[in-house]
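Here's a quick walk through one protein model, written for someone who'd rather be at the bench. Have the sequence and the 3D view open as you read.

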Amino acid sequence: MAGRRLVESVPGPLAAFAVGYDRWLTAQGLCPRAVRDRIWQLSYLSEWLDAEGLSAGELDRCRAEEHVAGRRAAGCLTWVASSSLRLPLEYLREIGVVPVETALPLGPVDRLIVDYREYLLGERRLAIRTVEGCERVARVFLEDRERRHGALELGELSAGDVSEFLARECLRLSNGGTRGMVAKLRPLLVFLHVSGRVSVPLRWAVPGVANVQGRMLPRAVDRATVLALLASCDRRRVCGLRDYAIVLLLARLGLRCGEVAAIRLEDIDWRAGEILVRGKGGRHDRLPLPVDVGEAVAQYLLRRPPTESRVVFMRMPAPAGPMTRQSVSQVVVGACRRAAVPRVAAHRLRHTAATEMLRAGGSLPEIAQVLRHQRLRTTAIYARVDHAALRRVAMPWPGGGAA
């Protein structure tokens, strides 16, 4: 009754949409308290529209910015961020009350990026994630040229321009970032040449970058830290059960963040004790599902909020939706914060899984199968952490002295 009275008390132009908004929020997975708070927000927004003499259909992004700016100026502490109006605007657009925002006219760089995306998807047949990375680098390169020359002027692009751009950009990048920038710039230069925008093939103007991968020891996490991360997950709560299962999948099976986010209900064969991993490059591999990992996932699924999505791991708090690679990574960051340990990158748990398998007597080919490496030399870096085995093959120190 309290919730119904609150909905019925919404004044102004948005009063007619309060009941539907209440139901929509509930369907999104918000708890009753969160729904109540959002109805209060709708009430404030509706009162502001009424005071400004505006109708519901006149609520666009600019008006929303004016509303939150007014609340900030009045000293309010809640609903003062622009992002706080995402849900009400999304609902009002969905039911057709607020018109969908029209996209701004495409500029020269935007039009070129659209053609480039079609080329990467249609002719190069690259994965979506790879295409997105190539688009980001292409936009940086093209906008830099447009800004420096006042126009795109691709017909005058030279090898010196490419080298100058890389010299500037690589100063702020790590070795890995530089290699990624170089690798993603070459396809753009190929596209500009084959599409006739550049008369000279400039991909050869992009230099190689020294590959230091494999020269450093894998940075595994010690067992005490992994146990601390697991212990920090409050398994009395659904969110804690989810985080516990995610950390186990990362540390025991060595999955990547994107692979954890991609797990679907049908990927787990409970009878056979196997899990299908949707890996890089469209690879699908089946791995044994350890008992403790399977139990952790099952306990989470038993308490997971109802949803039509087939993806196993969902965002919390609501609105409900599948987790992304970035949100899986943030689970590890949050666990580090709760456990009061130095921040650990999620990928280091993959190194931990490989190191633990090696210490347990696993061979490099076996570890390569679990980690799904295409080349054994990628797995060979883990041989460097097996100090006992390395001592057996070390040459004696000249003169017979102790090393």
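Phe-191 is buried, with a relative accessible area of 5%. This is a predicted model, by the way, so that figure, like the others here, is computed from predicted coordinates. You'll find Phe-191 in helix H9, which covers residues 175-194. If you follow the chain from Phe-191 to Arg-203, you go twelve residues along, and the C-alpha atoms of the two are separated by 9.6 Å.

Now for the charged side chains. Side chains of opposite charge can pair when their charged atoms come close. How many salt bridges does the structure hold? The count is 21. Here are some of them, with the N to O distance for each pair:

| Pair | Closest N and O atoms |
|---|---|
| Arg-242 and Asp-243 | 2.8 Å |
| Asp-243 and Arg-338 | 4.0 Å |
| Asp-285 and Arg-283 | 3.1 Å |

Asp-243 turns up in two of those rows, as a partner of Arg-242 and as a partner of Arg-338. Which parts of the chain does the pair of Asp-243 and Arg-338 tie together? Asp-243 sits in helix H11 (residues 238-252) and Arg-338 in helix H14 (residues 325-339), so this salt bridge links parts that are 95 residues apart in sequence. As for how covered these residues are, Arg-242 counts as buried at 5% relative accessibility. Asp-243 is buried too, with a relative accessible area of 5%. Arg-338, on the other hand, is partly exposed at 42%.

The pair of Asp-285 and Arg-283 is also a mix: Asp-285 is buried, with a relative accessible area of 17%, because buried means under 20%. Arg-283 comes out at 27% relative accessibility and counts as partly exposed. Elsewhere, salt bridges with shared partners join Asp-144, Arg-147, Arg-148, Glu-164 and Arg-168 into one network.

Asp-285 also brings us to the strands. There's an open sheet of three strands here, in the order S1-S2-S3 and with antiparallel pairing. Strands S1 (268-269) and S3 (284-288) are the edge strands, each pairing on one side only. Strand S2 takes in residues 274-278, and S2 and S3 run antiparallel to each other over five bridges. Want two landmarks for lining them up? Ile-275 stands opposite Leu-287 in S3, and Glu-274 has Pro-288 in S3 as its bridge partner.

Which side chains of S3 are buried, and which are not? They alternate along the strand: Asp-285 and Leu-287 point to one face and are buried. His-284, Arg-286 and Pro-288 point to the other face and are not buried.

Last stop, the surface. Arg-129, Arg-136, Lys-280 and Arg-325 gather there in a patch of positive charge. One of them, Arg-129, belongs to helix H7, which runs over residues 128-149. Is Arg-129 buried or exposed? Arg-129 is exposed, with a relative accessible area of 53%, since exposed means over 50%.

Technical notes
Residues are numbered from 1 along each chain as its sequence is written. This is a predicted model: local features need pLDDT of at least 70, side-chain atom pairs count only at pLDDT 80 or more; totals for chains, interfaces and linings use all residues. Side-chain values use heavy atoms; hydrogens and water are left out. Patches are made of residues with over 30% relative accessible area and no salt bridge: like charges are joined within 9 Å, nonpolar side chains (Val, Leu, Ile, Met, Phe, Trp, Tyr) within 5 Å. Accessible areas come from the Shrake-Rupley method with a 1.4 Å probe; for residues, only the protein chains shown count as cover. A salt bridge is a side-chain nitrogen of Lys or Arg within 4 Å of a carboxyl oxygen of Asp or Glu. Lys and Arg count as positive and Asp and Glu as negative; His and the chain ends are not counted. The place of a charge is taken as NZ of Lys, CZ of Arg, CG of Asp or CD of Glu. Helices (H or I, at least four residues) and strands (E, at least two) are DSSP runs, numbered from the N terminus. Buried means under 20% relative accessible area, exposed over 50%, partly exposed in between (1.4 Å probe, protein chains only). Two strands pair if DSSP finds at least two bridges between them.
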